Amino acid sequence: MPYCDNPGGALTVTVQLQHSSNVYLVDETNLRRRNNGQQFEYHGGHYDRTPVTITISGSGRWYLIVDNGEQYKYQWSK
């Protein structure tokens, strides 16, 4: 699962999708919640168009989740 360590400030991920997908950017706490089947908070949502761009502000490790099982391309920028 792709991730990026952000020391602070804005972090952006751009995702190129092949099909409509749920695209989430989550911190470590919310990744654990999602993996345990609990309700979790995220940045993103369901997207039918590409590219998808999500920008967050916050330090820590951020994980990119793309729920479609298909290949996708992504790029982080700070």
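Let me start with the sheet: in this predicted model, 4 strands come together as an open sheet, and reading across it the order is β1-β6-β3-β4, with antiparallel pairing. At the edges sit β1, which covers residues 3–6, and β4, which covers 43–47, and each of these pairs on one side only. If you look at how the neighbouring strands of this sheet are set against each other, the turn is 15 degrees on average, with direction ignored.

Moving inward, I would like you to find strand β3, residues 21–27, and strand β6, residues 60–67, which pair in the antiparallel sense over 6 bridges. To keep your place there, take V26, which stands opposite Y63 in β6. Across β3 and β6 lies helix α1, made up of residues 28–35, and the helix runs at about 130 degrees to β3.

Now to a single residue, T14, which you will find in strand β2, residues 10–16. Is T14 buried, partly exposed or exposed? The computed relative accessibility is 25%, and because buried means under 20% and exposed means over 50%, T14 counts as partly exposed.

Which residues does T14 touch, once we leave aside its neighbours within four places in sequence? The contacts are with P51, V52 and T53, and also with K73, Y74 and Q75. Of these, let me pick out V52, since the sequence alone would not put the two side by side on the page: T14 and V52 are 38 residues apart in sequence, yet their C-alpha atoms are 5.5 Å apart in space.

Definitions and conventions
Residues numbered from 1 in each chain as written. Predicted model: local features only at pLDDT ≥ 70, side-chain atom pairs only at ≥ 80, totals over all residues. Heavy atoms only, no water. Pairing = 2+ DSSP bridges. Helix = DSSP H or I, 4+ residues; strand = E, 2+ residues; numbered from the N terminus. Axes fitted to C-alpha atoms, helices over the stretch in contact; angles between N-to-C directions. Contact = heavy atoms within 4.5 Å. Buried < 20%, exposed > 50% of the residue type's maximum accessible area, 1.4 Å probe, protein only.
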